[in-house]
Amino acid sequence: VCSWPGTGLGAGLSMLGVSQYGNTNSETPRTGDWYCPVCRDLQFARNAACRRCSAPKPVPQNLGPQASAYYPLGGMGMGTSPTQAMMTGDWICPACRDLVFARNRECRRCGAAKPADAAGSPMPPS
């Protein structure tokens with residue numbers, strides 16, 4: 001059960017409307033960047049935790065299906081198309097559906113281990 005405030009079904013979208021993000025920096029989000037569900041600070045896609053309050057990155061494993069609401073331009077991996085072309089050996093994470101480069105043994109977004117059958121597997125339909 002998630003203990004983050006305002007995480008009831010649909011709360012993420014209403015709480016985090018484009019004009020309501022409440023971030024205190026002037027950065028513009030890019031695909032994959034996310035807003036912290038606790039302090040609403042804008043985070044780079046590569047950050048596994050909030051740089052301000054250390055809350056974990058919102059992913060389906062810790063926040064459920066509403067995790068995607070914290071990604072204003074998409075890119076979490078759930079139901080979005082990868083922004084990069086899939087190359088030989090790249091794989092799709094079975095946990096969060098992010099495109100992961102062949103050289104990685106675990107998903108860069110959620111930390112799930114690379115499945116044994118992932119080498120060179122084609123991208124599954126969304």
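Colleague: Let us begin with arginine 40: what is its relative accessibility, and how does it count?
Modeller: In this predicted model, arginine 40 has a relative accessibility of 29% and therefore counts as partly exposed, since the partly exposed class lies between the 20% and 50% cut-offs.

Colleague: Where is arginine 40 placed?
Modeller: Arginine 40 sits in the loop between strand S1 (34-35) and strand S2 (42-43).

Colleague: What about the phi of arginine 40?
Modeller: The phi of arginine 40 is positive, at about 65°, although this residue is not a glycine.

Colleague: What sign of phi do most residues other than glycine have?
Modeller: Most residues other than glycine have a negative phi.

Colleague: I also marked serine 54. What is its phi?
Modeller: Serine 54, which is not a glycine, has a positive phi of about 70°.

Colleague: And where is serine 54 found?
Modeller: Serine 54 belongs to the loop between S2 and helix H2 (60-63).

Colleague: Is serine 54 buried or exposed?
Modeller: Serine 54 has a relative accessible area of 56%, so it is exposed; the cut-off for that class is over 50%.

Colleague: Now to glutamine 43. Which element holds it?
Modeller: Glutamine 43 lies in strand S2.

Colleague: Is glutamine 43 buried or exposed?
Modeller: Glutamine 43 is buried, because its relative accessible area is 0% and buried means under 20%.

Colleague: Which side chains make polar contacts with the side chain of glutamine 43?
Modeller: One of them is the side chain of aspartate 41, at 2.9 Å. The side chain of asparagine 47 also makes a polar contact with that of glutamine 43, at 3.2 Å.

Colleague: Leaving out residues up to four places away in sequence, which residues does glutamine 43 touch?
Modeller: With those left out, glutamine 43 touches Asp33, Trp34, Ala49, Cys50 and Arg51.

Colleague: Let us turn to the whole chain. How many helices and strands are there?
Modeller: The protein chain has 2 helices and 4 strands. Along the sequence, they follow the pattern α-β-β-α-β-β.

Colleague: What share of the residues is buried?
Modeller: The protein chain has 126 residues, of which 39% count as buried.

Colleague: How much area does the chain expose?
Modeller: About 7,200 Å² is exposed by the protein chain, and carbon and sulfur atoms supply 54% of that area.

Colleague: Lastly, among contacts between residues at least 6 apart in sequence, what share joins residues at least 24 apart?
Modeller: In the protein chain, that share is 36%.

Technical notes. Residues numbered from 1 in each chain as written. Predicted model: local features only at pLDDT ≥ 70, side-chain atom pairs only at ≥ 80, totals over all residues. Heavy atoms only, no water. Buried < 20%, exposed > 50% of the residue type's maximum accessible area, 1.4 Å probe, protein only. Polar contact = N/O pair within 3.5 Å; in protein donor to acceptor, adjacent residues only side chain to side chain. Contact = heavy atoms within 4.5 Å. Areas by Shrake-Rupley, 256 points an atom, 1.4 Å probe, with all protein chains shown as cover.
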